[in-house]
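Got the viewer open? Let's walk through this one stop at a time, with something to select at each stop.

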Amino acid sequence: MVSFRFDPVTLPASTLALRDEVRAFLAEELAAGRFTPHRNSWGTFDAEFSRRCGERGFIGMRWPQRYGGREASALDRHVVIEEMLAAGAPVGAHWIADRQSGNNILANGSEAARASILPRIAAGECYFAIGMSEPDSGSDLASVGMRATRTDGGWRLNGTKIWTSVAHRAHYLIALARTAPPGDDRRAGLTQFIVAIDAANGVTTRPIHNLYGAHEFNEVLFEDTFVPDDMIVGEIGAGWQMVTGELAFERSGPDRILSTFQLLRQLVARLAETADARSNVAVGRLVAHLVTLRQMSWSVAGMLERGASPELEASVVKDVGTAFEQEIPEIARLLVPEQASLTRGDLYGEALAQSVLSAPCFTIRGGTREILRGIIARGLGLR
Amino acid sequence: MSTVDPNNDAGGDELRDMVLDAAGRLFADRVGRELWQATEAGEFPRGDWDALVEMGLPRALRAEADGGAGLALADGLALAELAGHHALPLPLAETLVGNHLRAGLDGGVDDGVVTLAAADSRLQLRRVGNGWRVDGALDRIAWGRHAAYVIADGDADGAPQRVLLAADDLDWRHDASLAGEPRDSARLADAPVLAAADCPVHTPTVQHWGALLRALQAAGAMRRALALATDYANERRQFGRPIARFQAVQQQLAAMAGEVATAGTAAEAAARAIAADRDAALMIAIGKARVGEAAGRSAAIAHQVLAAMGFTQEHELQYFTRRLWSWRDEFGAEPHWQAIIGEHAIAAGGDGLWPLVSGL
Ligand SMILES: Cc1cc2nc3c(=O)[nH]c(=O)nc-3n(C[C@H](O)[C@H](O)[C@H](O)COP(=O)(O)OP(=O)(O)OC[C@H]3O[C@@H](n4cnc5c(N)ncnc54)[C@H](O)[C@@H]3O)c2cc1C
């Protein structure tokens with residue numbers, strides 16, 4: 001049996017210094033009134049903010065300097081994104097490119113793609129979306145039906161992607177498509193393509209409003225969309241391994257722990273005068289969860305830094321972390337006798353409303369709870 | 001997390017591995033149904049205790065000059081996790097830490113059992129001549145009747161104290177934990193004190209040490225319960241296949257694995273904090289609160305997977321789960337520690353919350 005180990009990491013002085021640097025940057029941004037800290041942090045698109053992050057070198061941090069990075073450690077990157085999320089900073093524009101697309105291109109992309117795209121991502125000017133899900137392919141991602149057919153100098157894509165977050169504002173998406181019919185191994189014959197989101201090239205983006213009326217995700221249609229050979233990511237037919245590798249980055253970060261941290265913060269502030277035994281116990285419980293989850297998430301960053309592939313550990317962190325994120329609004333509403341409201345204008349009510357309304361998606365996006373538990377069960381030797 | 005690792009020298013690692021390997025083999029050899037049943041029947045298995053003593057485990061944290069192994073604190077505490085993983089029915093964890101604390105009390109060490117007094121046993125100390133006398137009650141003390149010494153939290157006119165008492169002469173009223181381990185009580189009236197030392201506020205009390213041990217032991221026992229449940233799921237067949245093939249079973253065990261991993265992380269973080277002497281009291285509160293919650297959930301899932309077989313005296317799962325149910329309550333159940341953490345967090349305020357959390 002595998003037992004999951006989350007070895008502690010020791011933060012070097014340079015990482016702690018970087019934390020101070022990010023805090024100073026965020027304090028400046030806040031003081032200048034450039035963001036309000038009670039919004040859904042990585043769901044908030046703010047290109048100006050992303051550009052300022054790019055100027056400070058907070059995007060694509062681990063990449064080589066020639067691609068705009070600073071060759072920072074996984075721990076350095078972790079401290080930056082953790083501070084951004086804890087502050088409720090609007091990191092949504094560059095989030096996907098920084099977290100996964102850029103890493104994927106660096107590891108598997110052509111030199112042309114790296115040279116033309118990565119420096120712009122690092123500058124906070126170029127944004128990505130994830131083109132995995134389709135109307136008939138959610139959890140069963142290997143069943144994707146988007147077709148890619150060979151043509152002169154590249155490929156032509158036809159099909160539909162759905163739930164594509166920020167596609168209406170991103171420059172590119174990475175689409176998972178079939179380059180060969182499914183054989184005995186359904187996971188073979190899939191390939192990833194970098195596709196410019198360009199109406200002139202047959203890419204149409206249609207909004208899908210979410211349950212609280214916000215336009216965050218989309219349906220994206222592809223009609224004979226041309227992708228040149230140098231925008232293929234990795235080997236033809238090897239897309240599946242890349243998708244699963246990418247998910248280790250997608251699953252373990254502080255974004256799977258801190259989605260409702262702004263509410264916890266407002267709750268603690270709100271309880272300053274009214275705290276009693278019951279609220280102390282309830283808040284103490286949440287803080288105990290948070291501190292422990294944070295250790296686990298940092299531990300996964302340490303594994304990434306050592307070059308390990310902590311797919312299982314990342315799944316554990318996301319499973320336990322997203323359950324924690326969902327619990328915060330459920331507990332807050334029992335402690336403060338004040339109803340949630342997006343419009344009343346107070347920070348607590350808004351954070352509660354935002355958290356209640358977005359909570360269902362925490363255990364869906366990036367792989368559902370059931371799929372994650374299936375991965376963990378495989379790690380336990382049960383399947 | 002942002003602390004310097006106190007045990008990063010290679011020599012220390014080697015010593016730790018040696019001691020833990022040897023202890024693991026000894027526990028595997030000796031701990032089983034026979035030993036569990038004997039201790040539950042009220043017997044103190046002298047031969048097994050002597051084997052631990054011979055290996056130097058109860059003194060592992062003491063200096064070599066004191067007959068100890070000179071093990072670093074964080075390494076020595078790993079013995080508590082290991083003892084929990086084997087459901088060792090002997091007071092090793094208590095004596096290990098008891099001997100460590102004795103170094104700061106009377107400085108003595110011998111082969112007797114040392115135990116720790118739980119929360120509600122705060123004692124009143126009075127000065128008499130050069131020494132102290134003590135009044136109060138010792139409530140549900142682990143292995144009390146077999147102990148040579150008790151270390152307890154005391155109070156001398158509002159000044160918190162740590163006290164060392166002789167346990168032999170006490171009139172112990174016998175009781176037992178849910179796992180059938182001795183949990184005995186005694187009254188102290190004008191009783192002698194072997195040694196006392198100031199225990200400044202914000203430093204770990206005896207209750208903190210006890211809570212840390214129970215968190216580590218429970219993390220170890222949960223790790224074993226998960227192994228028992230996954231093995232059983234792969235062996236037990238229903239509807240023509242191993243029950244591990246059923247998704248309902250897989251999902252439950254995956255959830256349990258998350259709890260077990262979280263508990264291990266929380267308990268070890270508390271052990272590192274006390275070893276590094278950094279935020280120890282708060283990290284132990286967090287560790288005990290988080291492990292306590294995980295203990296109940298993990299035990300429930302393991303029992304669901306083992307069904308009727310796990311509900312028997314015959315199957316060994318119950319030796320682990322009954323300990324989990326006891327340990328989560330001892331030295332303060334979840335609400336006790338959660339209230340302390342919550343007070344801390346609320347005092348830090350909304351803007352202070354992240355600096356507090358990220359500084360741990
Ligand atoms: C806010 C949000 C943003 C998103 N952004 C993106 C994006 O940018 N790009 C992108 O590609 N996708 C995105 N997604 C889609 C997301 O990846 C999918 O929703 C997810 O993979 C689940 O697919 P589905 O919704 O089709 O559910 P389904 O797969 O239809 O599942 C429905 C239910 O059945 C369960 N289920 C399915 N299969 C199994 C199984 N084998 N065993 C047990 N239970 C099972 C699921 O756990 C779930 O509870 C986003 C989703 C959300 C909610």
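Colour by chain and start where A and B meet: about 4,200 Å² is buried between chain A and chain B, and carbon and sulfur atoms give 68% of that area. Keep in mind throughout that you're looking at a predicted model. If you select the residues in contact across this boundary, you should pick up 51 from chain A and 48 from chain B.

Now for the charged pairs. The rule finds three salt bridges across the interface of chain A and chain B. To see a salt bridge between the chains, show side chains for A:Arg285 and B:Glu293, where the closest N and O atoms are 2.8 Å apart. Turning to polar contacts, the count between the two chains is 12 residue pairs, with both residues at pLDDT 80 or more.

Which elements of chain A give two or more residues to the side that touches chain B? Select these helices of chain A and you'll have them:

- helix 1 (13–31)
- helix 3 (74–86)
- helix 7 (261–270)
- helix 8 (277–305)
- helix 9 (311–335)
- helix 11 (369–379)

Leave helix 8 of chain A highlighted, since it deserves a second look: with 16 residues, helix 8 makes the largest share of the side of chain A that touches chain B. Recolour that whole side by residue class and you get 30 nonpolar, nine polar and 12 charged residues.

Next stop, the ligand. Show what surrounds it and 15 residues come up; the closest are A:Ser133, A:Ser139, A:Trp163, A:Glu370 and B:Gln247. Why call this site shared between chains? Because the residues that surround the ligand come from both chain A and chain B.

Zoom in and check the polar atoms in turn. From chain A, pick A:Met132 first: a backbone N or O atom of this residue lies 3.0 Å from an oxygen atom of the ligand. Then pick A:Thr368, which has a polar side-chain atom 2.7 Å from a ligand oxygen. Finally, cross to chain B and pick B:Gln247, where an N or O atom of the side chain is 2.7 Å from a nitrogen atom of the ligand.

Zoom back out and colour chain A by domain. Use 13–126 for domain 1, 130–238 for domain 2 and 253–379 for domain 3. Put a distance between the C-alpha centres of domain 2 and domain 3 of chain A and you'll read 31 Å.

Do the same for chain B, with domain 1 at 10–102, domain 2 at 115–198 and domain 3 at 206–358. Here the C-alpha centres of domain 2 and domain 3 of chain B are 29 Å apart.

Stay on chain B and look at where domains 2 and 3 meet. Domain 2 brings 15 residues into contact with 13 of domain 3. About 1,100 Å² is buried between these two domains of chain B, and carbon and sulfur atoms give 54% of it.

The rule finds two salt bridges across this domain interface. For a salt bridge to display in chain B, select B:Arg323 and B:Glu181, whose side chains meet at 3.0 Å, N to O. Six residue pairs are in polar contact between domain 2 and domain 3 of chain B, both residues at pLDDT 80 or more.

Last selection: strand 4 (residues 149–156) of chain B. With three residues, strand 4 gives the largest share of the side of domain 2 that touches domain 3 in chain B. By class, that side of domain 2 divides into nine nonpolar, two polar and four charged residues.

Notes: Residues are numbered from 1 along each chain as its sequence is written. Chains are lettered from A and ligands numbered from 1 in the order in which they are written. This is a predicted model: local features need pLDDT of at least 70, side-chain atom pairs count only at pLDDT 80 or more; totals for chains, interfaces and linings use all residues. Side-chain values use heavy atoms; hydrogens and water are left out. Contact means heavy atoms within 4.5 Å. Buried area is the accessible area (1.4 Å probe) that two parts lose on being put together, summed over both. A salt bridge is a side-chain nitrogen of Lys or Arg within 4 Å of a carboxyl oxygen of Asp or Glu. A polar contact is a pair of N or O atoms within 3.5 Å; within protein, one must be able to donate a hydrogen and the other to accept it, and residues adjacent in sequence count only if both atoms are side-chain atoms. Helices (H or I, at least four residues) and strands (E, at least two) are DSSP runs, numbered from the N terminus. Ala, Val, Leu, Ile, Met, Phe, Trp, Tyr, Cys and Pro count as nonpolar, Asp, Glu, Lys and Arg as charged, and the others, Gly among them, as polar. Domain bounds come from an automatic or database domain assignment. A residue is near a molecule or strand if one of its heavy atoms lies within 4 Å of it.
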